[in-house]
Amino acid sequence: MALPLLLAAFTIGRPVPLAGPTLPAAFDADIAASLARELTRDYPDRAPGSPGSLGAAQWFEKQMALYGFETTTDAFAAHVPGQGRVQLRNLVAVAPGPSQSAIVFLAHRDNTGESGGANDNASGTAALIELARAYAPITGTSGARARPAHTLVFVSTDGGAYGAIGAARFAERSPYGAETISVVSLDGIAGLGGPRLLIAGDTRRSPTPALVRTAAVRLLEQTGDEPARPGLFDQLVDLGFPLTFGEQGPFVARGIPAVTIATGPQQPLAPFAEDTLDVERLAETGRAAQNLLGSLDGGLELSSGTASYVYLGRRLVRGWAIELALIAGVVPFAIGAVDLFARLRRRRIPLGDAARSLRRRLGFWAYGALLLFLGGLAGIFPNAEARPLPPNVPAATDPPTIGVVLLAIAFLAGWLVSRERLLPRRPARPGEELAGFSVALLGLGVLALLVIATNPFALVFLLPSLYAWLWLPQARTTPARVALLLLGFAAPALMLSAFADRYALGYGAVWYLLSLVGVGYVPWLTFGLVLGWCAIAGQLSALAIGRYAPYAAGPGHALLGRFAPGRAPEADVEALEQ
């Protein structure tokens, strides 16, 4: 375990930013603020599918036409939470350059309609227009255009407030896909708080470090503050459970370096909360964005693709080293679990009944997954695209009461039927308890292997349970076992609590996570691994509190397994302890 940690320490790198632009920023904050106020005043409700959404799209086209840009429209239909299936529009303007490589700047122009969205995201839309103005046709008879070194693409997306639907569409359908070297999203850049950088992707990937560090340095130069970023723990959680509301997410997932520049807290605004426009902050972030564009356009080419790492500001730790350290953390648990299994086999203590007991619990949780699947078909989850659901939209966090009650009744009925065959008729013998522990710990080992095969970073959620529960067979008293059991539950509970606080979800965090499964953003394989952990935790809980009974293959309730002929169970246990 020490070697992988030492290796991770030696992989700490120092990302080098691109050089700054040769010309000073010409970003006019007064013009941008005027545009943001105009958009907010004329179209306060820009929710997808609303009349204001169409009006805002036409307004953007008009503003770009004033600078000589011709915009193309990508109209598409999508399911939006609380809105149904509506028409969305991405608007694209291009400033051609001699290089086919494209630099994309984008901002979503929609909002939820609960406030005027002056900051979120009229500020980003206005800044996008002001950035494009620098590449507008020069006044005169020649009609010459200030040509950048790369092709610059300015995109006004729709559905950004509902899980970056428009950005995901552009990332999937953009004709510049393979040629895009970087993407910068402007989202709420005139808030009252300091600057922030969003770098997480829809998968366990991160943008190239040079892009992140260049964006951070350009913001530092203009604001005087290092931009806020998720801490070490939050970044590990983001890699273990990829979830982001920023429009950089779908690009990073496709291997395109992308970052989002934002301001203020990461918690979404409460419904009908005041959305304030800070002109001074708009000026700072706008100039930083223009300087970032200059750095990307005039500097050396960024390294292509994306990678996994933890960004610590001026330093970063490579993702492969973190994965190696996490995988190495499973090895001591695996040795202990296999050793217990081998000792039981040598003493001929059968494991069949314990395995059937765990299988029964797995069947119950599979039944629960089936109920959720049927509930999704019945409309209990929001009708939405496979994108992160916005936490501040009621359709994403407020489940239908009748549907939840019916689901709970069906779940409770399944639990009552399942537990009937698992109720102990008498206290389990020590050998039977050891068999139950061994099977559950082996199940945890298999689960860890599946997690490694799918996403090694997710071991950050599992390792505390592995190490706490490995000691359960050694505990002799019920209080000690309960303490170890709760310790294994503590880490997932703390992470769920941190997740709920991070996105202001409160007690609705569990339902929100289930909704992510229901809409297809979280794969069912991942959900299946969570249910497997729940089944194993159920068996260990029964063992810890003295309510465990092995499940016999034949008729009857909780028949006991057989021990080696001529040997008492207590003798087997004593031999194991020796």
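In which helix does valine 517 lie? The legends below describe a predicted model, beginning with the view that answers this.

**Figure 1. Surroundings of valine 517 in helix H17.** Valine 517 lies in helix H17. The relative accessible area of valine 517 is 5%, and the residue is therefore buried, since the term applies under 20%. Not counting residues up to four places away in sequence, valine 517 touches Val522, Trp524 and Phe527. Alanine 386 is 131 residues away from valine 517 along the chain, yet the C-alpha atoms of the two residues are separated by 8.9 Å.

**Figure 2. Helix H11 and its covering helices.** Helix H11 comprises 26 residues, from 352 to 377. At 1.5 Å a residue, H11 should span 38 Å; the C-alpha atoms at its ends are 37 Å apart, which agrees with that expectation. The buried residues of H11 are Asp353, Ala354, Ser357, Leu358, Arg361, Phe364, Gly368, Ala369, Leu371, Leu372 and Gly375. In an α-helix there are 3.6 residues a turn, so residues three or four places apart point the same way. The cover over the buried residues of H11 includes helix H13 (401-420), helix H14 (430-454), helix H17 (509-519) and helix H18 (524-544). After H11 comes glycine 379, which has a positive phi, near 95 degrees.

**Figure 3. Strand E7 and its two partner strands, E5 and E6.** Strand E7 covers residues 258-263, and six of the six are buried, so the strand is largely enclosed by the rest of the structure. In a regular strand, side chains alternate between the two faces of the sheet. Both faces of E7 are covered: Ala258, Thr260 and Ala262 are buried on one side, and Val259, Ile261 and Thr263 are buried on the other. Strand E5 (residues 180-186) runs parallel to E7 and is joined to it by four bridges. In this pairing, valine 184 stands opposite valine 259. Strand E6 (residues 195-198) runs antiparallel to E7, again with four bridges. Here leucine 198 has threonine 260 of E7 as its bridge partner.

**Figure 4. Helix H5 and the elements around it.** Helix H5 spans residues 165-173, and seven of its nine residues are buried, so H5 is largely enclosed by the rest of the structure. The buried residues are Ile165, Gly166, Ala167, Ala168, Arg169, Phe170 and Ala171. These residues pack against four strands, E1 (72-80), E2 (84-95), E3 (99-108) and E4 (150-157), and against helix H8 (249-253).

**Figure 5. Serine 101 in strand E3.** Strand E3, one of the elements that pack against the buried residues of H5, contains serine 101. With a relative accessible area of 17%, serine 101 is buried, because this value falls under 20%. Leaving aside its neighbours within four places in sequence, serine 101 is in contact with His150, Thr151, Glu179 and Ile181.

**Figure 6. The packing of helices H2 and H3.** Helix H2 (residues 29-42) and helix H3 (residues 51-66) pack at an angle of about 150 degrees, and their axes are 10 Å apart. Angles over 145 degrees count as roughly antiparallel, and H2 and H3 are therefore roughly antiparallel to each other. Their crossing is right-handed. At the contact, Leu35, Glu38 and Leu39 in H2 meet Ala56, Trp59 and Gln63 in H3.

How values were computed:
Residues numbered from 1 in each chain as written. Predicted model: local features only at pLDDT ≥ 70, side-chain atom pairs only at ≥ 80, totals over all residues. Heavy atoms only, no water. Expected span 1.5 Å × (residues − 1). Buried < 20%, exposed > 50% of the residue type's maximum accessible area, 1.4 Å probe, protein only. Contact = heavy atoms within 4.5 Å. Pairing = 2+ DSSP bridges. Axes fitted to C-alpha atoms, helices over the stretch in contact; angles between N-to-C directions. Parallel < 35°, antiparallel > 145°, perpendicular 65-115°, else oblique. Left-handed = near helix turned anticlockwise from the far one by under 90°.
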